[in-house]
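Work through the exercises below with the sequence and the 3D view open. Each task sentence is followed by a solution in steps.

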Amino acid sequence: MGRYIVRRLLAAIPVILGVLLLVFVLLRLIPGDPVTVFYYSSDAGGTSNTSVSIEALEQAKAKLHLDKSIPEQFVYYIWDVLRLDLGRSFRTKQPITDVIAEQFPSTLLLTLAGMAVTLFIGLVAGVISAMRHHTWVDYTSQFIAVLGVSVPNFLIGLLLIYIFAINMNNFLPAIANGNGKELIMPALALGIGGAAIVARLTRSSMLDVMSRDYIRTARSKGVRESTVVWGHALKNALIPVVTIVGLQFGSLLIGAVVIEVVFSRKGIGFTLVKAILTRDYTVVQALVMLAATIYVIANLLVDVLYTYIDPRVRLT
């Protein structure tokens, strides 16, 4: 297994480099650069100073290698990354490592809370729907699942704010107030879409497993139905579900970008959006690389988890 993990990590390097190159080029195709935006836009945290000389602008660009061609800039950046130097935010002058250390815990907490919502609602709804298939419970669950997949998470977030924060007199706060309840609505908005996908996959997988011979054998021996469903069938039904859960973790991490903006919640996503608007290249590149790395690692962990769920699987 150790050799398999090493090979997967090595294979992930071109993927991360490809994502980074794509973002690197796209950022530089957007009109404007961090130097110009900083000096001519007070909204970007700059001075809005129209008297800055052309020479001063050129010198500032030269320090960031912005006077070079895009391939040359990319080489300079990759060399810095290999030296574990992610640079500094041009807008705040804060080291990127400090930005990540400060903002990432909040995003990780939101992602894990969203994943908990996805797994709890998705698995429970999927199992119940499978056990009550072709009944009103099944049809209602499937309708809600389709609705959950179709509605974007930012709209779910806005609806939750309207219901629980506005109509119910701030029953669930939309903005942090220190009591921990402010995490509930963002987690629900982030996790409901994934829960719908997990519920549909769990239902189909459970229906397949429940028709197997060993399930009929267990029932014929008098094993309690709850033990058959939750102890025997669900474990085997989880094998295909694990794959989508691994992909969902990456999707939830990306979805946190939108949810943090909707709820004005500090984190990687909120910082990333602000960095894009202010052309803060180093921040955007570092955060995208972080997201891509986490996505790759999450998929690797799913493969490893397969060997514990299904002993027949061997990683070579």
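**Exercise 1. Place A174 in the predicted model and describe its surroundings.**

Step 1. A174 sits in the loop between α7 and α8.

Step 2. Is A174 buried or exposed? The relative accessible area of A174 is 16%, and the cut-off for buried is under 20%, so A174 is buried.

Step 3. With residues up to four places away in sequence not counted, A174 touches I161, A165, M185 and F263.

Step 4. For a distance along the backbone, take L160: A174 and L160 are 14 residues apart in sequence, and 8.8 Å separates them in space, C-alpha to C-alpha.

**Exercise 2. Describe the setting of R203.**

Step 1. R203 belongs to helix α8, which covers residues 184–210.

Step 2. The relative accessibility of R203 is 17%, so R203 counts as buried.

Step 3. Which residues are in contact with R203, leaving aside neighbours within four places in sequence? They are G126, S129, A130, H133, D138 and Q142.

**Exercise 3. Examine the backbone at H134 and S264.**

Step 1. Recall the background: most residues other than glycine have a negative phi.

Step 2. H134 is not a glycine, yet its phi is positive, at about 65°. H134 lies in the loop between α5 (96–131) and α6 (136–150).

Step 3. H134 has 57% relative accessibility and the cut-off for exposed is over 50%, so H134 counts as exposed.

Step 4. S264, also a residue other than glycine, has a positive phi near 50°. The loop that holds S264 runs between α10 (225–262) and α11 (268–277).

**Exercise 4. Classify two aromatic pairs from their ring geometry.**

Step 1. How many aromatic pairs does the structure hold? There are 3 aromatic pairs.

Step 2. For F24 and F74, the ring centres are 5.2 Å apart and the planes stand at 75°, so this pair is edge-to-face.

Step 3. F24 is in helix α1 (residues 2–29) and F74 in helix α4 (residues 70–82), so the pair ties together parts that are 50 residues apart in sequence. Both F24 and F74 are buried.

Step 4. For F164 and F171, the ring centres are 6.5 Å apart and the planes lie at 35°, so this pair is tilted.

Step 5. F164 counts as partly exposed at 22% relative accessibility, and F171 is partly exposed with a relative accessible area of 45%.

Step 6. Return to F24 and F74: together with Y77 they form one aromatic cluster.

**Exercise 5. Trace the nonpolar patch on the surface.**

Step 1. List the members: F154, L155, L158, L159, Y162, I163, I166, M168, F171 and V258. Their accessible area together is about 900 Å².

Step 2. Which helix gives the most to the patch? Helix α7, residues 153–167, does so with 7 residues.

Step 3. Take one member as a check. L158 is found in helix α7, and its relative accessible area is 44%, which makes L158 partly exposed.

Step 4. F171 from the previous exercise is also listed in this patch.

Terms used:
Residues are numbered from 1 along each chain as its sequence is written. This is a predicted model: local features need pLDDT of at least 70, side-chain atom pairs count only at pLDDT 80 or more; totals for chains, interfaces and linings use all residues. Side-chain values use heavy atoms; hydrogens and water are left out. Helices (H or I, at least four residues) and strands (E, at least two) are DSSP runs, numbered from the N terminus. Buried means under 20% relative accessible area, exposed over 50%, partly exposed in between (1.4 Å probe, protein chains only). Patches are made of residues with over 30% relative accessible area and no salt bridge: like charges are joined within 9 Å, nonpolar side chains (Val, Leu, Ile, Met, Phe, Trp, Tyr) within 5 Å. Accessible areas come from the Shrake-Rupley method with a 1.4 Å probe; for residues, only the protein chains shown count as cover. A salt bridge is a side-chain nitrogen of Lys or Arg within 4 Å of a carboxyl oxygen of Asp or Glu. Rings of Phe, Tyr and Trp (its six-membered ring) pair if their centres lie within 6.5 Å; planes under 30 degrees apart count as stacked, over 60 as edge-to-face and the rest as tilted. Contact means heavy atoms within 4.5 Å.
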